[in-house]
Amino acid sequence: MGLRRKLNEDSYLERSEAGLFVVADGMGGHEAGEVASRMIVERLGSIEADSGLSARVDRAVAALGDVNADLIDLAHQKEGKHTIGSTVVGLAFGQGAFECFWAGDSRAYRLHDRKLTQISRDHSLVNDLVSAGMLKPEEAEHHPDANVITRAVGAAETLKVERVMGEAHQGDLFLLASDGLTRVVPDAELEEDLIRKNPMQAADGFIEKVLDRGAPDNVTLIIVRVG
Ligand SMILES: [Mn+2]
């Protein structure tokens, strides 16, 4: 829980035995965001994990489609036209490989050979502007619309979940985080701490840093070490 919010709308799922990890950051206020992010981790918590990597991610994406429909129904039942939604970022692991799936601006990173790389690509207005060459990357962070996301579970009739695969080597570290971390702690610092500290110390240190810097948002993070 951050220092300026009354509710924690983030949720997470950790299924080491199934090789599945998820962070979701809900939005909508009045507990709606919490409902949305919790619904995501509950559904993904019950998908069968006995299949190959891509089949498992297919199931996860299908489950997110169901949650998307349910959240739209829920929003229609309520007064007003508020979206009940949530970002999602997930990582599934198989034989020497990972697959990342996401919608929104919660992020996945991989530390390999002491180099941190962002795996996911923010679905956000500023990222679209940067990609189109209309905004410099260094201007994105402090842009007034920095919090506007262009995709989320529950935000539109059709949910598009982006997916990317890559290699997972022994000793690699993967970081999943809500924007409560990545807006406050720059990538260079994430990289340095993931190299220098063990995963548990790094995780505690990240939370401390966010709190020291005013914790404008809730923060959720998972660090996975490939064994
Ligand atoms: Mn957030």
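This is a short tour of a predicted model, taken one selection at a time.

**Stop 1: strand β2**

Select residues 20-27, which form strand β2. Are its residues buried or exposed? Eight of the eight are buried, so the strand is mostly covered. Show the side chains next: Leu20, Val22, Ala24 and Gly26 point one way, while Phe21, Val23, Asp25 and Met27 point the other way.

**Stop 2: the partners of β2**

Add residues 10-15, strand β1, which runs antiparallel to β2 and is joined to it by six bridges. One pair to look for is Tyr12 with its bridge partner Val23 in β2. Four residues lie between the two strands of this hairpin, and Gly19 there has a positive phi near 60°.

Now add residues 88-94, strand β4, which pairs with β2 in the antiparallel sense over four bridges. Here Phe21 has Leu91 as its bridge partner. Residues 85-86, strand β3, also pair with β2 in the antiparallel sense, over two bridges. Gly26 is matched there with Ser86.

**Stop 3: helices α1 and α2**

Select residues 32-45 for α1 and 53-77 for α2. Their axes come within 9 Å and cross at roughly 145°, and the crossing is right-handed. Which residues of α1 meet α2? They are Ala36, Met39, Ile40, Arg43 and Leu44, and on the α2 side are Ala60, Ala63, Leu64, Asp66, Val67, Asp70 and Leu71. By class, this contact has nine nonpolar, no polar and three charged residues.

**Stop 4: Val153 and the core**

The largest nonpolar core has 55 residues, of which Ile40, Val153 and Leu176 touch the most other members. Select Val153: beyond its neighbours within four places in sequence, its contacts include Ala36 and Ile40, along with Leu64, Val67 and Leu71. Gly85, Ser86 and Val88 are also among its contacts.

**Stop 5: the four-stranded sheet**

Move to the open sheet with the order β7-β6-β9-β10, where the pairing is antiparallel. β7 (115-118) and β10 (221-225) stand at the edges with a single partner strand each, so one side of each has no neighbour in the sheet. From one strand to the next, the twist averages 20°. Zoom in on β6, residues 107-112, which pairs with β7 over four bridges. Tyr109 stands opposite Gln118 in β7.

**Stop 6: helices on the sheet**

Add residues 187-196, helix α6, which lies across β6, β7 and β9 and runs at about 135° to β7. Last, add residues 199-212, helix α7, which packs on the sheet and touches β9 and β10. The direction of α7 makes about 165° with that of β10.

Notes: Residues are numbered from 1 along each chain as its sequence is written. This is a predicted model: local features need pLDDT of at least 70, side-chain atom pairs count only at pLDDT 80 or more; totals for chains, interfaces and linings use all residues. Axes are lines fitted to C-alpha atoms, for helices over the stretch in contact, and angles run from 0 to 180 degrees between N-to-C directions. A crossing is left-handed if the near helix is turned anticlockwise from the far one by less than a right angle, and right-handed if clockwise. Two residues are in contact if their C-beta atoms, placed from the backbone, lie within 7 Å. Ala, Val, Leu, Ile, Met, Phe, Trp, Tyr, Cys and Pro count as nonpolar, Asp, Glu, Lys and Arg as charged, and the others, Gly among them, as polar. Two strands pair if DSSP finds at least two bridges between them. A nonpolar core is a set of buried Ala, Val, Leu, Ile, Met, Phe, Trp, Tyr and Cys residues joined through C-beta atoms within 7 Å. A residue is buried if 20 or more other C-beta atoms lie within 10 Å of its own, exposed if 12 or fewer, and partly exposed in between; C-beta atoms are placed from the backbone.
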